[in-house]
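Reader: Got a minute to walk me through this one? I'd like to go piece by piece.

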Amino acid sequence: MSLTLDTYRLLGRSGLRVSPLALGAATFGTDWGWGAERDEARKLFDLYVGRGGNFIDTANTYTKGSSERLLGEFTRGRRESLVLATKYTTLRSPGDPNSGGSHRKSLFASVEASLRQLDTDYIDLLYLHVWDFTTPVEEILRGMDDLVRQGKILYVAICNTPAWQVSRMQTIADLRGWSPLVALQIEYSLIERTGERDLIPMAREMGLGVIPYSPLAGGVLTGKYSRDDLTATDLASDDSNRKSFNRALGTVTERNLAIADVVKEAATELGRTPAQVGLAWALRRPGVTAPIIGARTPAQLEDNLGALDVDFTAAQLARLDEASATGLGFPHDMLASDHVRKVTAGDLKIETRR
């Protein structure tokens, strides 16, 4: 099943139409020691939009604000045709305790700063970036709804938050008549599938489109890491800072490299690249609306967009799923067991349509 960037998908329970791959702008700017300079970032933007892409993801503190500022420049003259998503909650001024967090003061100040940096008068989609465990959910939801009513944001969403809090928030929003959450951004890839325990089923039930970030697990699924990286101390290369970052996060492990080996095998069979296979798997998962691609060069972006043309055989999907399977834990494994099926349904055949 071949797709294109202008084969749009609805975002969650909204009528908003977005491309099946989102362009991640965390690579716009080199303030973090890696990423794309202005001219290179412009090429990435033009390539994506030129192919019909309309869904662009950033955050208020990505590359210390350079990401939003560059997007503000690049989107000039074509703003209405694009869906810009940004985020709040990360610290904007490390010495100011209220410059970060989920609370109302942080929310309003962050949105005003993003509007200035993006050079726009509205944000299409605003995410709560990171759950802070301190702000009452009613304060968050009411603040978001106030901004929707003011026309400064059109839709609201959430990232990096426990499933039970998201479902609680969605229920409160529905009961109060406040703006509902329409998207859930989570880390999700062949290497990181624990979102299948609660987050993704919750999103499908509550009407949130799943937006996976790091669908290539920081590059591990592209095949650029080897067993030598498990013990290497000197990573002298153009992207050594990013490699060191991924190793520090524990992304480069024997298990993950074994999954990457299966991805490479499938890529060889399909005549595709490992990156295309990893993205195509995420792109076609139940509940997923649009994985975020974070290329640093036009060549990488071209390669990533090739994921839209990948068709798997049933056997290839089975191998990928088996290699990357994650235990669902209690109560999910218990509820899926043959014993529980037998004692609750016996020999009955029940078809579900969801």
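Reader: Let's begin with Thr63. Where does Thr63 lie?
Author: Thr63 sits in the loop between strand S4 (55-57) and H2. Keep in mind that this is a predicted model.

Reader: OK, and is Thr63 buried or exposed?
Author: Thr63 is buried, because its relative accessible area is 0% and the cut-off for buried is under 20%.

Reader: What about the phi of Thr63?
Author: Phi of Thr63 is near 45°, which is a positive value in a residue other than glycine. Asn160 also has a positive phi, near 45°. Asn160 belongs to the loop between S7 and helix H5 (163-176), and with a relative accessible area of 29% it is partly exposed.

Reader: Any odd peptide bonds? Which residues does the cis one join?
Author: Phe330 and Pro331 are joined by a cis peptide bond, with omega at about 5°. Pro331 is placed in the loop between H11 and helix H12 (332-335).

Reader: Switching to the sheet. What's the strand order?
Author: The order is S9-S8-S7-S6-S5-S4-S3-S10, an open sheet of eight strands with parallel pairing. Strand S9 (209-213) and S10 are at the edges and have a single partner strand each, so one side of each is left without a neighbour in the sheet.

Reader: And strand S6, how many of its residues are buried?
Author: Six of its six, so strand S6 (residues 123-128) is mostly covered. S6 runs parallel to strand S5 (residues 83-88), and four bridges join them. In that pairing, Lys87 stands opposite Tyr127 in S6.

Reader: How many bridges for S7 and S8?
Author: Three bridges, with strand S7 (residues 153-159) and S8 paired in the parallel sense. Cys159 is found opposite Gln185 in S8.

Reader: Which strands does H6 lie across?
Author: H6 lies across S8 and S9, and runs at about 165° to S8. Glu205 is a residue of helix H6, and at 48% relative accessibility Glu205 counts as partly exposed. The C-alpha atoms of Glu205 and Thr7 are separated by 24 Å, with the two positions 198 residues apart along the chain.

Reader: Now charges. How many salt bridges does the structure hold?
Author: It holds 21 salt bridges. One of them pairs Asp321 with Arg193, where the closest N and O atoms are 3.8 Å apart. That pair links distant parts of the chain, 128 residues apart: Asp321 is in helix H11 (residues 314-324), while Arg193 is in the loop between strand S8 (181-187) and helix H6 (199-206).

Reader: Are Asp321 and Arg193 buried or partly exposed?
Author: One of each. Asp321 counts as partly exposed at 23% relative accessibility, whereas Arg193 counts as buried at 7%.

Reader: Which residues are in a network with those two?
Author: Arg193, Glu196, Arg285 and Asp321 are linked in a network of salt bridges. Within it, Glu196 bridges to Arg285, with the closest N and O atoms 3.3 Å apart. Glu196 is in the loop between S8 and H6, and Arg285 in the loop between helix H9 (274-283) and strand S10 (292-293), so this pair ties together parts 89 residues apart in sequence. Arg285 is buried, at a relative accessible area of 19%.

Reader: What about the salt bridge of Arg341?
Author: Arg341 pairs with Asp338, the closest N and O atoms being 2.9 Å apart. Both lie in helix H13 (residues 338-345), three residues apart, about one turn of the helix. Arg341 is partly exposed at 45% relative accessibility, and Asp338 is exposed at 60%.

Reader: Back to H11. What does Gln316 touch?
Author: Leaving out residues up to four places away in sequence, Gln316 touches Ala266, Glu269, Leu270 and Asp311. Gln316 is in helix H11 and counts as buried at 6% relative accessibility.

Reader: Last thing: at what angle do H2 and H3 pack?
Author: Helix H2 (residues 66-74) and helix H3 (residues 104-118) pack at about 45°, and their axes are 7 Å apart. The two are therefore oblique to each other. H2 contributes Glu68, Arg69, Leu71 and Gly72 to the contact, and H3 contributes Ala113, Ser114, Gln117 and Leu118. By class, that makes three nonpolar, three polar and two charged residues.

Notes:
Residues are numbered from 1 along each chain as its sequence is written. This is a predicted model: local features need pLDDT of at least 70, side-chain atom pairs count only at pLDDT 80 or more; totals for chains, interfaces and linings use all residues. Side-chain values use heavy atoms; hydrogens and water are left out. A salt bridge is a side-chain nitrogen of Lys or Arg within 4 Å of a carboxyl oxygen of Asp or Glu. Buried means under 20% relative accessible area, exposed over 50%, partly exposed in between (1.4 Å probe, protein chains only). Two strands pair if DSSP finds at least two bridges between them. Contact means heavy atoms within 4.5 Å. Axes are lines fitted to C-alpha atoms, for helices over the stretch in contact, and angles run from 0 to 180 degrees between N-to-C directions. Angles under 35 degrees count as roughly parallel, over 145 as roughly antiparallel, 65 to 115 as roughly perpendicular and the rest as oblique. Ala, Val, Leu, Ile, Met, Phe, Trp, Tyr, Cys and Pro count as nonpolar, Asp, Glu, Lys and Arg as charged, and the others, Gly among them, as polar.
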